[in-house]
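Hi everyone, thanks for coming. Let me put the structure up on the screen, and then we can walk through it together.

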Amino acid sequence: MSYERPVWPGDARCAVTLTFDNFGESFDLLRYGHAFGALADGVYAPRRGIERVLDLLERHGLPATFFVEGWNARKYTGLLREIAARGHEIAAHGWLHERWNTLPASDERDLIERATTAIADVLGAPPRGWRSPGGLMTPSTLGLLRGAGYAYDSSMADDDCPYLLQTGPDAASTLVELPWTWTLDDAVYFAHPGVIRHPRDVIDLWTDEFDAAWQLTGSFMLVCHPRYSGRPARVLALERLLDHIRQHDGVWFARCDEVAAHVARQPGTPRHPMPETAPPEPQ
């Protein structure tokens with residue numbers, strides 16, 4: 001398949017999208033039933049990490065997208081409004097951070113509605129974007145998201161650049177897909193004792209990834225969690241990455257909804273069919 005770089009506003013060479021997942025302790029409540037002791041780092045995000053990330057973004061004048069669980073949106077309403085007031089996008093990230101690939105369609109529909117309504121109740125408008133918890137989905141997810149009014153998804157790990165993704169058998173039914181990769185997700189480096197990496201090593205890796213995106217693909221999607229990257233040494237390391245990116249000409253820093261809206265308008269945006277599902281067992 002031939003590859004063409006995306007066309008960005010102002011003839012930018014590379015779009016950079018800074019995204020932040022998880023907003024509070026809902027993940028820990030779902031997995032463990034509480035957020036005590038070592039399981040309290042979810043509380044660190046709204047208490048310290050998010051404000052530290054917001055200050056970093058403000059110093060550099062950069063926009064971001066925060067993917068927020070509906071339960072956390074209901075609990076941390078003031079913080080949610082503060083993020084939106086600072087010009088950042090709020091998108092949805094499940095209700096409690098469910099194991100999304102295990103859900104029946106009826107549960108998916110209910111949880112999407114609950115998360116969407118929770119954010120809309122706080123901000124006055126529903127979110128336009130969705131990232132499934134852990135990037136996990138079922139064959140029903142895309143159609144349910146489109147039916148719920150979402151404009152884009154950011155759960156797929158199948159490309160370097162945004163594209164239009166078919167959501168069902170009707171080829172005209174699509175969502176904009178903003179793909180991501182574990183390589184650019186801080187959770188794989190900072191989430192678990194015994195595998196925690198030095199912030200300098202992670203930023204060196206991400207710097208190489210940005211340089212490759214600037215040279216080859218034209219799209220760079222970073223996924224961070226304030227419970228991890230909002231820690232003091234890590235947020236300073238993240239600032240080093242932003243300093244490096246800003247030294248390059250032709251970089252468009254944009255929120256996910258801005259990227260999705262631009263991609264949807266471009267006649268040359270690639271269009272891909274619904275992902276495969278397992279064939280039925282032979283009789």
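So, at what angle do the axes of helix H2 and helix H4 cross? Keep in mind as we go that this is a predicted model. Helix H2 covers residues 41-60 and helix H4 covers residues 77-85; their axes cross at roughly 5 degrees and come within 12 Å. Angles under 35 degrees count as roughly parallel, so H2 is roughly parallel to H4. If you want to find the contact on screen, look on the H2 side for Pro-46, Ile-50, Glu-51 and Leu-54, and on the H4 side for Leu-79, Glu-82 and Ile-83. By class, five of these contact residues are nonpolar and two are charged, with no polar ones.

H2 also turns up in the next item, the salt bridges. The count for the model is 13. The one I'd like to show you pairs Arg-227 with Asp-41, where the closest N and O atoms are 2.5 Å apart. As a reminder, side chains of opposite charge can pair when their charged atoms come close. What I like here is where the partners sit: Asp-41 is in helix H2, while Arg-227 is in helix H9, and the two are 186 residues apart, so this pair links distant parts of the chain.

Staying with H9 for a moment, let's turn to the largest pocket. How much space lies in it? About 730 Å³. Its lining is made of 33 residues, and those nearest the pocket centre are Phe-27, Ala-187, Ala-191, His-192 and Tyr-228. Three helices give two or more residues to that lining: H1 (26-32), H7 (187-190) and H9 (226-229). H1 has the largest share, with four residues. For those of you thinking about the chemistry of the lining, it has 15 nonpolar, eleven charged and seven polar residues.

Now for the enclosed spaces. How many cavities of 30 Å³ or more does a search of the whole structure find? Two.

The largest cavity has a volume of about 70 Å³. Its lining includes Ala-15, Thr-17, Asp-160, Pro-162 and Leu-178, along with Ser-219, Phe-220 and Met-221. Strand S1 (14-21) and strand S8 (219-224) each supply at least two lining residues, and S8 gives the most, with three. Seven of the lining residues are nonpolar, two are polar and one is charged.

The second largest cavity has a volume of about 40 Å³. Which residues line this one? They are Phe-190, Pro-199, Val-202, Ile-203, Trp-206, Ser-229, Arg-234, Ala-237 and Leu-238. Here the elements giving two or more residues are helices, namely H8 (199-217) and H10 (232-246). H8 gives the most, with four residues. By class, this lining has seven nonpolar residues, one polar and one charged.

To recap before we chat: H2 runs roughly parallel to H4, the Arg-227 and Asp-41 pair links distant parts of the chain, and H1 gives the largest share of the lining of the largest pocket. As for the cavities, S8 gives the most to the lining of the largest one, and H8 does so for the second largest. That's my tour, so over to you for questions!

Methods:
Residues are numbered from 1 along each chain as its sequence is written. This is a predicted model: local features need pLDDT of at least 70, side-chain atom pairs count only at pLDDT 80 or more; totals for chains, interfaces and linings use all residues. Side-chain values use heavy atoms; hydrogens and water are left out. Axes are lines fitted to C-alpha atoms, for helices over the stretch in contact, and angles run from 0 to 180 degrees between N-to-C directions. Angles under 35 degrees count as roughly parallel, over 145 as roughly antiparallel, 65 to 115 as roughly perpendicular and the rest as oblique. Contact means heavy atoms within 4.5 Å. Ala, Val, Leu, Ile, Met, Phe, Trp, Tyr, Cys and Pro count as nonpolar, Asp, Glu, Lys and Arg as charged, and the others, Gly among them, as polar. On a 1 Å grid over the protein atoms alone, a cavity is a set of points where a 1.4 Å probe fits but cannot get out, and a pocket is an open set with protein on both sides within 12 Å along at least five of seven lines; lining residues have an atom within 4 Å of a point. Grid points are joined across faces, edges and corners, and a volume is the space filled by probe spheres set on the points. A salt bridge is a side-chain nitrogen of Lys or Arg within 4 Å of a carboxyl oxygen of Asp or Glu.
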